[in-house]
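Q: Please take one part of this model and look at it closely for me. After that, place it in the wider picture, keeping the cut-offs explicit.

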Amino acid sequence: MMEQLSLFDDRKTAAPLASRLRPVTLEDYVGQKHLIGKGKLLRRLIEDDQVSSMIFWGPPGVGKTTLARIIAERTRAEFIEFSAVSSGIKEIKEVMAQAEQNRKMGIRTLLFTDEIHRFNKAQQDAFLPYVENGSIILIGATTENPSFEINSALLSRCKVFILKALEEDELRELLGHALKSPTGLGSMPINIEDSHLAAIARFANGDARTALNTLEMAVSNGRMDEDGKVWVDEEVLSQCMNRRSLLYDKNGEEHYNLISALHKSMRNSDPDAAVYWMCRMLDGGEEPLYIARRLVRFASEDVGMADPGALQMAVAVYQACHFLGMPECDVHLTHAVVYLAMAPKSNALYSACEACKADIKKLPAEPVPLQICNAPTDLMKKLDYGKGYIYAHDTEEKLTKMQCLPESLAGRRYYRPTKEGAERQVRERLEEILTWRQT
């Protein structure tokens with residue numbers, strides 16, 4: 001739903017603390033010094049009124065919407081806020097028509113689109129002509145990686161600014177301001193220790209909104225003495241922070257970051273880190289079968305023939321997760337994660353597969369050599385299908401010198417076993433075979 005905003009609306013005291021304390025100037029804004037510190041690019045663009053279409057990318061609660069509102073305060077343009085959650089093509093076209101009229105009258109339109117990644121391709125495409133002809137200055141906010149979620153055509157016409165999670169000291173500054181500000185909690189006497197504010201800042205995990213909401217909840221549930229002073233003790237605080245807010249989106253970038261962390265920790269033979277990242281995924285609500293499938297892949301990609309039992313272990317754990325589900329299967333996933341982390345490592349299978357795929361992609365599709373073709377009919381036999389084939393079991397060595405690769409690939413090596421774990425024996429066996437064939 002689109003909303004025409006007045007930047008001078010009174011803030012209602014009943015509004016949440018985070019809303020009441022939303023800054024309206026760059027001087028009041030907390031965090032993102034790499035973007036809006038003195039002399040930084042975005043600050044210069046804002047102060048010089050040279051703002052062009054841009055994307056704000058960052059985790060929740062770091063000030064994307066607030067910064068857009070501050071820009072609207074400073075820029076000489078009509079400001080319209082637009083939600084990707086509740087708006088469709090019809091609403092987009094209505095806004096664009098109004099923006100085009102404004103352009104003809106010499107008025108710029110700044111369109112802020114929250115959660116722009118939720119728009120589908122057709123909806124994002126609807127912005128393109130208006131961004132190109134200058135009818136609108138588009139500011140999109142997203143928690144998702146724009147490279148994956150924003151159309152390349154639209155993304156190429158926008159500057160991307162990355163907003164970072166707030167530091168603990170920045171959150172403590174924000175909390176201190178909330179306790180003193182008349183629009184915040186400054187009108188009531190509150191006793192809360194600095195250590196409690198530090199705990200809230202740690203709990204918020206870089207999210208200003210979470211920090212302010214937690215403080216407001218703690219104060220609301222604090223004990224009021226006979227003088228009207230509110231006391232926030234550890235018991236109240238622990239109830240308000242009974243679960244740490246861990247950033248995780250099963251369909252977003254953090255999903256890929258965490259599975260990458262799990263995979264690379266196992267590859268680095270670090271069982272402690274691997275178990276930690278696996279538990280982080282489960283804690284964030286990840287489907288255990290997804291993790292189990294990734295472990296099956298890892299067993300061949302990174303362990304392979306160095307420990308042939310790794311694949312059996314991973315498949316068995318997948319079945320255990322399928323039978324039991326959560327929460328019981330967490331220990332089975334831990335079993336596999338630790339096993340794979342401690343197993344000898346070889347990527348020889350993965351390398352062989354990738355090298356072969358590369359050849360297939362770039363080289364002509366060679367015919368199967370006649371000697372290893374099947375010859376079920378007389379005609380095919382007359383055409384030399386199967387001619388020269390030697391049945392390996394009929395030989396003393398159980399080997400032949402028959403060429404099985406196409407002529408253009410004769411002698412090509414894809415699988416190059418390492419000396420790790422059980423693959424050392426495979427390597428020795430293969431060297432024996434290659435030596436015998438060369439004699």
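A: Let's begin with Asp384, which sits in the loop between α19 (378-382) and α20 (423-438); these labels come from DSSP runs numbered from the N terminus, with helices being H or I over at least four residues and strands being E over at least two. Before going on, note that this is a predicted model, where local features need pLDDT of at least 70, side-chain atom pairs count only at pLDDT 80 or more, and totals for chains, interfaces and linings use all residues. Residues are numbered from 1 along each chain as its sequence is written, and side-chain values use heavy atoms, with hydrogens and water left out.

Back to Asp384: its phi is positive, about 70 degrees, although the residue is not a glycine. Its relative accessibility is 32%, so Asp384 counts as partly exposed (buried is under 20% relative accessible area, exposed is over 50%, and partly exposed lies in between, with a 1.4 Å probe and protein chains only).

Glu115 also has a positive phi without being a glycine, here near 55 degrees. You'll find Glu115 in the loop between β4 (108-114) and α6 (121-132), and because its relative accessibility is 25%, it counts as partly exposed. Asp114 belongs to strand β4 itself; with a relative accessibility of 25%, Asp114 counts as partly exposed too. Measuring C-alpha to C-alpha, Asp114 and Ile136 are 15 Å apart in space and 22 residues apart in sequence.

For more backbone geometry, try Gly285, just after α14, where phi is positive at about 95 degrees. Helix α14 covers residues 271-283, and its 13 residues reach 18 Å from first C-alpha to last, close to the 18 Å expected at 1.5 Å a residue (the expected span is 1.5 Å times one less than the number of residues). Its buried residues are Pro271, Ala274, Met278, Arg280, Met281 and Leu282. There's a cis peptide bond too: the one from Met326 to Pro327, with omega near 5 degrees. Pro327 lies in the loop between α16 (309-324) and α17 (330-342).

Now for some packing, with α9 as the hub. This helix runs over residues 168-180; its end C-alpha atoms are 19 Å apart, which agrees with the 18 Å that 13 residues should span at 1.5 Å each. Buried in α9 are Glu170, Leu171, Leu174, Leu175, Ala178 and Leu179. Those buried residues pack against α1 (17-20), β7 (190-191), α10 (194-204) and α11 (208-220).

Ile192 lies in the loop between β7 and α10. Its relative accessibility is 13%, so Ile192 counts as buried. Apart from neighbours within four places in sequence, it is in contact with Leu179, Leu197, Ile200, Leu215 and Val232, where contact means heavy atoms within 4.5 Å. The C-alpha atoms of Ile192 and Trp231 are separated by 6.4 Å, with the two positions 39 residues apart along the chain count. Another pairing across the sequence is Val24 with Ile70: 46 residues apart in sequence, 5.4 Å apart C-alpha to C-alpha. Val24 is in the loop between α1 and α2 (33-36), and at 38% relative accessibility it counts as partly exposed.

Zooming out, the protein has 20 helices and 9 strands. Its radius of gyration is 31 Å, well over the 22 Å the globule rule gives for 439 residues, so it is more spread out than a compact globule (the radius is taken over C-alpha atoms, and the rule is 2.2 Å times the number of residues to the power 0.38). Along the principal axes, the C-alpha atoms fill a box of roughly 100 × 60 × 40 Å. Of the 439 residues, 42% count as buried. Among contacts between residues at least 6 apart in sequence, 72% join residues at least 24 apart.

The accessible surface comes to about 24500 Å², with 52% of it belonging to carbon and sulfur atoms; the method is Shrake-Rupley with a 1.4 Å probe, and for residues only the protein chains shown count as cover. As for charge, there are 55 positive and 62 negative side chains, and the centres of the two sets lie 6 Å apart. Lys and Arg count as positive, Asp and Glu as negative, while His and the chain ends are not counted; each charge is placed at NZ of Lys, CZ of Arg, CG of Asp or CD of Glu.
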